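I sat down with this one today to look up a few things and jot them in the notebook. Here is the structure first, and my entries follow.

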Amino acid sequence: MLAQRTLKSLTKAVGVGLHSGQRVELTLRPAAPDTGIVFRRVDLPEPVEIAVSAESVTDTRLASTISNGGVKVHTIEHLMSACAGLGLDNLMVDITAEEVPILDGSSASFVYLLQSAGIVMQKAPKRFIRVIQSVEVRDGEGASLKWARLDPFHGYKLAFEIEFDHPAVNATGQRVEFDFGSGTYAREIARARTFGFTKDVEMMRSHGLAMGGGLDNAIVMDDVKVLNADGLRYQDEFVKHKILDAMGDLYIVGKPLLAAYSAFRSGHAMNNLLLRALLAQPDAYEVVTFDQDEQAPQGFTQLAPAW
């Protein structure tokens, strides 16, 4: 049986929120089978749990935010991407503020934390959402067009294309494909950092956003070049970060997808719309398990290699 996974022991991190600038402590704990990934605001008089689901997403401006009533947790996508990349099904996330710490701006620190805690198999079948009919969402026309799509595929692969008219981005690849079956998430995707432009950062800060952002946790560009002294981690780091984000956004559905995802100029909002469109069409997907490991697509049976 292909089994669910959780942590072997708890692990902790301390950082600041990208937008809030607030100091935040994160404690990642093992969870029972079929728990899913649950965030718990422990800074409140009575802790409030927010179970991750497509319907729990209530804001997609600049990040993916989940809510339960009036209680929120912002910027969950990088941690969710790490969970997707490592095949982690069940996790309790205790958090002391309303935004996940940005750490280095990628998923690499979360991958390291999760692998350091150890990942163990549980006595319950791992459940997948297998796409059996194509689903697509689109917005805009012509130069403003953006779209995202899921197609049937025995495995999980992602293709993303960005379109930024900027010298630093134009000098890199604006399209990338990643097959989860390659087993190279930690090496090829997880280290890609979020990015932004100085003119946008100034505007966002005037609105109380990006208060925790800087050269140590983002790629920052002026009108012509990358300002980070150490340059890029990947030649195509910009579009690879979009793959990283998409993996996190899509994992919010609560189970790993078996599908081919493709997107053009998509983002957090479009990714969540795609999940909701999928769930609104019961004949477009099915929930499956694998009694024998060899029946599962490549890349899902082995624990991800440590760093």
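**Entry 1: two helices that meet.** A reminder to myself that I am reading a predicted model. I began with α1 and α6, which are roughly perpendicular to each other, because their axes cross at roughly 85 degrees and angles of 65 to 115 degrees count as roughly perpendicular. I noted that the two axes come within 7 Å. From α1, the contact uses Glu-77, His-78, Met-80, Ser-81, Cys-83, Ala-84 and Gly-85. From α6, I wrote down His-241, Leu-244, Asp-245, Met-247, Gly-248, Asp-249 and Tyr-251. Sorted by class, the residues of this contact come to 6 nonpolar, 5 polar and 3 charged.

**Entry 2: staying with α1.** How many residues of α1 are buried? I found 10 of the 10, so α1 is largely enclosed by the rest of the structure. Charged Glu-77 is on the buried list, and so are His-78 and Ser-81. Just past the end of α1, I came to Gly-87, which takes a positive phi of about 70 degrees.

**Entry 3: the largest pocket.** I looked up the volume of the largest pocket and got about 1,000 Å³. Its lining is made of 44 residues. Which of them lie nearest the centre? I have Leu-62, Phe-164, Thr-194, Phe-195 and Lys-242 down for that. By class, I read 20 nonpolar, 14 polar and 10 charged residues in the lining. I then asked which elements supply at least two lining residues each. The helices are α1 (77-86), α5 (198-206), α6 (237-251) and α7 (268-279), and the strands are β16 (195-197) and β17 (219-221). So the crossing pair from my first entry turns up again here, since α1 and α6 are both among these elements.

**Entry 4: Ala-168.** I looked for Ala-168 and found it in helix α3 (residues 167-170). Is Ala-168 buried or exposed? Its relative accessible area is 12%, so I put it down as buried, the cut-off for that being under 20%. Leaving aside neighbours within four places in sequence, Ala-168 is in contact with Met-221, Val-224, Lys-225, Val-226 and Phe-238. I checked Val-226 further: it is 58 residues from Ala-168 in sequence, yet their C-alpha atoms are 6.4 Å apart in space.

**Entry 5: Ser-262.** My next stop was strand β18 (residues 257-264), where Ser-262 lies. I marked Ser-262 as buried because its relative accessibility is 16%. With neighbours within four places in sequence left out, I listed Trp-147, Ala-148, Arg-149, Asp-151 and Ala-159 as its contacts.

**Entry 6: positive phi outside glycine.** I finished with two backbone angles. Asp-34 is not a glycine, yet its phi is positive, near 65 degrees. I placed Asp-34 in the loop between β3 (23-29) and β4 (37-41). At 51% relative accessibility, Asp-34 counts as exposed, since the cut-off is over 50%. Leu-103 also has a positive phi without being a glycine, at about 50 degrees. I found Leu-103 in the loop between β9 (91-95) and α2 (108-117). Its relative accessibility is 22%, so I entered Leu-103 as partly exposed.

Notes:
Residues are numbered from 1 along each chain as its sequence is written. This is a predicted model: local features need pLDDT of at least 70, side-chain atom pairs count only at pLDDT 80 or more; totals for chains, interfaces and linings use all residues. Side-chain values use heavy atoms; hydrogens and water are left out. On a 1 Å grid over the protein atoms alone, a cavity is a set of points where a 1.4 Å probe fits but cannot get out, and a pocket is an open set with protein on both sides within 12 Å along at least five of seven lines; lining residues have an atom within 4 Å of a point. Grid points are joined across faces, edges and corners, and a volume is the space filled by probe spheres set on the points. Helices (H or I, at least four residues) and strands (E, at least two) are DSSP runs, numbered from the N terminus. Axes are lines fitted to C-alpha atoms, for helices over the stretch in contact, and angles run from 0 to 180 degrees between N-to-C directions. Angles under 35 degrees count as roughly parallel, over 145 as roughly antiparallel, 65 to 115 as roughly perpendicular and the rest as oblique. Contact means heavy atoms within 4.5 Å. Buried means under 20% relative accessible area, exposed over 50%, partly exposed in between (1.4 Å probe, protein chains only).
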